[in-house]
Structures are given as C-alpha cells and as structure tokens.
Amino acid sequence: MSANHLEYPPLAFVDIETTGSHFERDRITEVGIKSLIHDQVESWESLINPQTFIPQNIQVLTGIRPDMVSKQPPFEGLATDIARELEGKIFVAHNARFDYGFLKASFKRVGIDFKPKVLCTVKLSRLLFPEQARHNLDTIISAHGLKISSRHRALGDADLLLQFWRVCEAKLGREALLKAVNQLIGNASLPPNIDKALVDSIPEKPGCYIFYGENRLPLYIGKSISLRSRVMGHFQGALSLRKEMKLSLQVRDIDWIETSGELGALILESQLIKERMPSMNIKLRRSKDLCAWKLGLDEHGVLSPELVGHRELDPGVQENLFGLFYSKREANSYLKAIAKKYRLCEALLGLEKRIEGKACFGYQVKQCGGACISQSPIELHNLQLKTALELFQVQVWPYSGPVAIKEAGHMLVVDRWRYLGTAINEEELYELADSGEAEFDLDIYKILKKALAGSFKNQVIPLMLKDPA
C-alpha cells in the first residue's frame, strides 16, 4: 500500500466545556466530537446539565448559560452515548489531560471504566513544528490559518483540531504523521513540554527531583529511592488526579540530585523546599522562631509550664523541653487542648489569671477537675500534666558529640540533631564534624529521630573531634 493510501486508525477529535478546572468538583457542560473513520467525518455534540452553578466568567467565555442547560440531560443520561462515540478510537484533544481527566472522572461516577489511547495535539504540534514558540490553540489557529466556526464551544474547537490534523497531513504526508502519532502514543504519559530523552536520563537511584515551570521557577520538589519511577508516577497520576494534572500541564523542565539513600533524600528534600519555596509543595516551615514548654515547680508545689522562646532555645541540648512549636499561639493552643482533654486547670497552667482561693472559669463549666480550689490533689494535677507532655518531650542528643550515619557508602554527619553534611572520605568527615555550623530544623529533627530509633540505629559511628591545638 502506498503512503498516500495509508489508513489512519479511527480518531475522535474531542473538546469539552466545563464549569471550572477541578474535575472532581466541577462538571461538564458540553461535549463535541469529530470522528475520522476511513477518511469520513462524523459529528456528535450535546449540551449537558452540570447540575451545579456555572460561574459568570465561564458563561462569558463559552456563551453557555444556565437556561441553555437546565432542560438538557445530565452526564449520566448521555454517558452510554458518549462512550459509544469514543469506543475503539484514539482520543485526540488539545492539552488532552484536561479533557481526558474530566471525562474519565465523569465516566467513573457512573461505573464506566474509560481507558482509550490518548493523543495530545499540543505534543503533536511541538513534535512537528518545533520552530513555533508556543503551541496553544490560538497560536495554532494563527500559525496555520485555521477557520474558526465557534471558539470556546465544544464542537467548534473539536473541528479546529480536525483542521489542524489536515494541515499536518498536507505539510508532512500521512506516513510522517502516522509515525509521529505512534511515537507520541508510546509516550502518552509524558507532559506536553517534557521530552522522553530527559525522563530517560533520570536515574533509578535515591535522591530529590525538582519540577520547574515557566522562567525556571520551582513548581514542586519531591524525593524517592527510585527517581525516574517516581517522576513517571506523577505523570501517570495526572490522568486521574487533579493536582498531578495541574503539575503536568505547567512543568517545563526537571532537575534531580542523587543522594546516598532514603535518609539523605529525606533531609535534602526538607532543605530544598525551605530554600526554594516551590509553589506546589505544602511548604515546610522554617524553624527560626521555635518555642517549647519547660516544666518547673512554683512555690506552691504546682508543676507550671514556662514557654522558652527561640532566643533561649537549644533543642537537643536542653533537658525538660516539651513540644517544639512554630509560634507562641500554637504552643498555647496545644496546652489548652491538653487541659481540656485531661480536665486540667488553665489557671494553674498560666493560661488564665489565677486568683488564690477562687475557682477558675473551667471549673465553673465543668472542664477543670478542681485542683485550683483543692477539689483535686495538686499531685494528681502535676502527674496528669507531666504524663500528657511526656509524649512530646524533645529528645536530648543521645551521643557525646557528632556522629556519622552510614548509608550506602556515604556518611551523613549529624550533631545535636543538626545535619552538617554528607562526606565521602575521612577528610570531609572530620571537616564537617569540626564545623558544627547548622541551624536546628524541626523537620530534620523528626527525620533523624525516627531514623536513629529504627533501621539506622546500628549504622552510627561516634566521631572524635580533632584537637584544635
């Protein structure tokens, strides 16, 4: 068969309109499909009742008003028809993750498992016309002289994708176009702006990865013991998870940093997120304003918490510290929660003014056991407070000085829960240990505390600092 008579597989050029961008919360208002089968074009379209509010800005953009969809069937009433229209065809859409994600979620709600082969025309445009600076639909319309019938309506935009297909065919021929399609469908999990060669170069080793958006702005930082698999997991998850879809549509580049193992990756991730503040991470907070409770007996034998601020705080060295909080407000909220749970007296805890011989407000509303007016022994109150706080006691550094934690041939140097760096030889090891320079970080403290209580307990080597003389 000659190249001119090569047949395409059945194609469905699809566009949808929606009430917003969240495919779990928002709903579809219109579906348009242009099918290409044996060089014959068939059209299918329908408005859909989203059974939810259509925001005003969406109404302005699409022209779809509530009165236009109020008497239309909901998605569940059209699901079988839409599935039949798409069955056995390659699903073609612009930024296909959006349209596919919405339809997959909508089908899932009615019990239909939707798993077509997916072709993204953004990726197709990037592959076939790399000289173009942009590949959004408006740019493609302008660059190739496509004829607009009804912009931002489902069938109108689906027709634009069919026109673009015809342009690709006319400029490159069927054979080259089919080759491009086969190449892209083989890499269907990759975002439109990420090349397969870049992902292939990511090692299957422990470390951290950084997703960048426009202008090299960090979008997301993560860690894994198998970098390439984890990165691909984000892109495969983009077909069903909104957060991953949003990430995939924005990512423009990927960097990675290998580490000695999982522990090194956890520590590096915590540091990188604080340094670079990527927009899509739940931001880990800096530890510079930490505070903690310290217990002491007052002149009446009452065990009283005193708040130690960050200027006087030295976690890992000071004994009798409890909590570690990012602010005074957080510390007080925690203490109030303990008081409520164990019916402790807020006046004795210093959370409200204490008047000798008078009951606190909590006692009046039956939330205090009465230690403030001797209805309950002070000794019991002290014991309950100490027992509650001990669950959150800050662990004193259990070694006499810095230590090296062995991980896959590397040495993570740590002192007083502070990470000093990773060494690969003895010179680096003692240089880091002697430096002792590192700020206490609460997230790294939690990571190290868990590691040293678990699988790394027997991988610790105490280090003797060199004599300064």
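Arginine 65 is partly exposed in this predicted model, with a relative accessible area of 40%. Its side chain meets that of aspartate 67 in a salt bridge, with an N to O distance of 3.2 Å. This pair is one of 22 salt bridges in the structure. Side chains of opposite charge can pair when their charged atoms come close.

A second salt bridge links arginine 84 and aspartate 81, whose closest N and O atoms are 3.1 Å apart. Both residues belong to helix 3 (residues 75-86) and are separated by three residues, about one turn of the helix. Arginine 84 counts as exposed at 52% relative accessibility, and aspartate 81 counts as partly exposed at 32%.

A third pair is formed by glutamate 258 and lysine 205, with 3.9 Å between the closest N and O atoms. Glutamate 258 lies in strand 8 (residues 253-258), while lysine 205 lies in the loop between helix 9 (196-200) and strand 6 (207-212), so the salt bridge ties together parts that are 53 residues apart in sequence. Glutamate 258 is partly exposed, with a relative accessible area of 43%. Lysine 205 is also partly exposed, with a value of 44%.

The three pairs are set out below.

| Residue | Partner | Closest N to O distance |
|---|---|---|
| Aspartate 67 | Arginine 65 | 3.2 Å |
| Arginine 84 | Aspartate 81 | 3.1 Å |
| Glutamate 258 | Lysine 205 | 3.9 Å |

Salt bridges also occur as a network, which links Asp39, Arg166, Glu169 and Arg174.

Next to arginine 65 in the numbering is isoleucine 64, found in the loop between helix 1 (56-62) and helix 2 (66-69). Isoleucine 64 is buried, with a relative accessible area of 1%. Leaving aside residues up to four places away in sequence, isoleucine 64 touches Glu17, Thr29, Glu30, Leu47, Ile54, Gln59, Val69 and Arg153. For one of these contacts, glutamate 17, the separation from isoleucine 64 is 47 residues in sequence and 8.7 Å in space, C-alpha to C-alpha.

The strands include an open sheet of four, ordered 14-13-12-15 with antiparallel pairing. Strand 14 (418-423) and strand 15 (460-462) are the edge strands, each pairing on one side only. On average, neighbouring strands of this sheet are turned by 25° against each other, direction ignored. Strand 12 (residues 403-407) and strand 15 run antiparallel and are joined by three bridges. Within strand 15, isoleucine 461 stands opposite alanine 404.

Two helices are placed against these strands. Helix 16 (residues 426-435) packs on the sheet and touches strand 12, strand 13 and strand 14; the direction of helix 16 makes about 165° with that of strand 14. Helix 12 (residues 262-276) lies across strand 12, strand 13 (410-415) and strand 14, running at about 115° to strand 12.

Another antiparallel pairing joins strand 9 (residues 291-297) to strand 11 through three bridges. Cysteine 291 stands opposite phenylalanine 325, a residue of strand 11. Four of the five residues of strand 11 (residues 321-325) are buried, so this strand is largely enclosed by the rest of the structure.

Helix packing is illustrated by helix 10 (residues 227-237) and helix 11 (residues 242-250), whose axes are 7 Å apart and meet at an angle of about 105°. That angle makes helix 10 roughly perpendicular to helix 11. Helix 10 contributes Arg230, His234, Phe235 and Gly237 to the contact, and helix 11 contributes Glu244, Leu247 and Ser248.

The remaining topic is the cysteines. A disulfide is a covalent bond between the sulfur atoms of two cysteines. A search of the whole structure finds zero disulfides. For cysteine 345, the nearest cysteine sulfur is that of cysteine 360, 3.7 Å away. The cut-off for a disulfide is a pair of sulfur atoms within 2.5 Å, and cysteine 345 is in no disulfide. Cysteine 345 counts as buried, at 0% relative accessibility. Cysteine 372 is likewise in no disulfide, and its nearest cysteine sulfur, that of cysteine 345, is 3.8 Å away. At 11% relative accessibility, cysteine 372 counts as buried.

How values were computed: Residues are numbered from 1 along each chain as its sequence is written. This is a predicted model: local features need pLDDT of at least 70, side-chain atom pairs count only at pLDDT 80 or more; totals for chains, interfaces and linings use all residues. Side-chain values use heavy atoms; hydrogens and water are left out. A salt bridge is a side-chain nitrogen of Lys or Arg within 4 Å of a carboxyl oxygen of Asp or Glu. Buried means under 20% relative accessible area, exposed over 50%, partly exposed in between (1.4 Å probe, protein chains only). Two strands pair if DSSP finds at least two bridges between them. Axes are lines fitted to C-alpha atoms, for helices over the stretch in contact, and angles run from 0 to 180 degrees between N-to-C directions. Contact means heavy atoms within 4.5 Å. Angles under 35 degrees count as roughly parallel, over 145 as roughly antiparallel, 65 to 115 as roughly perpendicular and the rest as oblique.
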